[in-house]
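Colleague: I am new to this structure and would be grateful for a guided reading of its features. Please take them one at a time, with the general idea beside each case.

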Amino acid sequence: MPRDLYVIGNWKMYKTAREAAGYVEELEPKVQGCQAKIYLAVPYTSIASAARSAKNTPITIGAQNMNDAREGAFTGEIAALMLKEAGAEFVLLGHSERRKIFGESSEFVHKKTVRALQEGLQPIVCVGEDLEERESGRTEEVLKHQLEKSLSGIPAEDALKIILAYEPVWAIGTGKTATPKIAQEAHAFCRSCLADLFGKKVAGQISILYGGSVKPESAGPLAAQKDIDGVLVGGASLDPHTFAEIALNCEKPT
Ligand code: PGA
């Protein structure tokens, strides 16, 4: 069975609620007939307006983070249930900016993943090595560690609901995209780790996206790789024209 293909925009801390609604209205006609599923991870305050504009369109709205608790005294945090009620259908977890800037561990990502699954939000779990780790030949060790700590113990039927994103930290926001060959090697390795965790059949059904300085010209060659099932786009997703171009360039032979 072919895996689902995704093009996900990660707006980070950009776009107000009003800007989000206008963006979705502009994007929608441009991505009609696109092979990939179109997801947008927007700031919390933009979820409701983006979801309203995306209603009855092929665009799905989600969040960029959440807390692992159901509810509680956690000032400034947000719960899965709140995101769902606002209109989010998925959530990014363990993005490298959360790991590096806010000190989130893979253990925390694991707890969040379990909670998201429990509350019916689709988790998009991000992993990736930094430059020093790649240059010292530790890429596989780092990916394996992050994947094991973030995902072990999750039942295989739940693992099927997860999307994985391989995002080398050295490629994020730097303009340095991994070559399709480097990305494919890392994706194949991530899939072998998923096979160790959940069995080969399940691992073969989990979509793995590439993220890191994706542009319209790099999206097609990346998505054409055997183990790359779409892209997670930061900077280039902020403009609906550019993001639509990326989406249209992502295709698999049917
Ligand atoms: P970038 O970000 O496309 O701006 O490199 C990707 C991401 O952080 O998800």
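Modeller: Let us begin with a single residue, L164, whose bridge partner in strand 7 is I208. Please keep in mind throughout that this is a predicted model.

Colleague: Which residue stands opposite L164 in strand 5, and in what sense do strand 5 and strand 6 pair?

Modeller: The residue opposite L164 of strand 6 is V125. Strand 5, residues 122-127, pairs with strand 6 in the parallel sense, over 4 bridges. Strand 6 also runs parallel to strand 7, residues 208-211, and 3 bridges join these two.

Colleague: How should I read the two faces of strand 6, and are they covered or open?

Modeller: The general idea is that side chains in a regular strand alternate between the two faces of the sheet. In strand 6, residues 163-166, I163 and A165 lie on one side, while L164 and Y166 lie on the other. All four are buried, so both faces are covered.

Colleague: Let us turn to a helix. What span should helix 7 have, and what is the distance between its end C-alpha atoms?

Modeller: Helix 7 comprises 13 residues, 139-151, and at 1.5 Å a residue it should span 18 Å. Its end C-alpha atoms are 18 Å apart, which agrees with that expectation.

Colleague: Which residues of helix 7 are buried, and on which side of the helix do they lie?

Modeller: An α-helix has 3.6 residues a turn, so residues three or four places apart point the same way. The buried residues of helix 7 are T139, V142, L143, Q146, L147, S150 and L151. Because they cover an arc of only 125° around the axis, they are on the same side of helix 7. Among the elements that cover them are helix 5 (106-119), helix 9 (180-198), strand 5 and strand 6. Just after helix 7, G153 takes a positive phi of about 90°.

Colleague: How many aromatic pairs are there, and how is such a pair described?

Modeller: A pair of aromatic rings is described by the distance of the centres and the angle of the planes. The count here is 4 aromatic pairs. One of them joins Y6 and Y39: at 5.2 Å centre to centre and 75° between the planes, this pair is edge-to-face. Y6 belongs to strand 1 (residues 6-10) and Y39 to strand 2 (residues 37-41), so the pair ties together parts that are 33 residues apart in sequence. Both Y6 and Y39 are buried. For W11 and Y23, the ring centres are 4.7 Å apart and the planes stand at 65°, so this pair is edge-to-face too. W11 lies in the loop between strand 1 and helix 1 (17-30), and Y23 lies in helix 1, so parts 12 residues apart in sequence are tied together. W11 and Y23 are both buried. Ring pairs also link Y6, Y39 and F90 into a cluster.

Colleague: Which rings have a charged end sitting over them?

Modeller: The charged end of R98 is over the ring of F102, 4.1 Å from its centre. Likewise, the charged end of K112 is over the ring of F108, 4.3 Å from its centre.

Colleague: Finally, is I246 buried or exposed?

Modeller: I246, in helix 12 (residues 240-249), has 0% relative accessibility and therefore counts as buried. Leaving aside residues up to four places away in sequence, I246 touches V7, V214, K215, P216, A219, V231, V233 and A236.

Terms used. Residues are numbered from 1 along each chain as its sequence is written. This is a predicted model: local features need pLDDT of at least 70, side-chain atom pairs count only at pLDDT 80 or more; totals for chains, interfaces and linings use all residues. Side-chain values use heavy atoms; hydrogens and water are left out. Buried means under 20% relative accessible area, exposed over 50%, partly exposed in between (1.4 Å probe, protein chains only). Two strands pair if DSSP finds at least two bridges between them. The expected span of a helix is 1.5 Å times one less than its number of residues. The arc is that of the directions from the helix axis to the C-beta atoms. Contact means heavy atoms within 4.5 Å. Rings of Phe, Tyr and Trp (its six-membered ring) pair if their centres lie within 6.5 Å; planes under 30 degrees apart count as stacked, over 60 as edge-to-face and the rest as tilted. A charge sits over a ring if NZ of Lys or CZ of Arg is within 6 Å of the ring centre and within 35 degrees of the ring normal.
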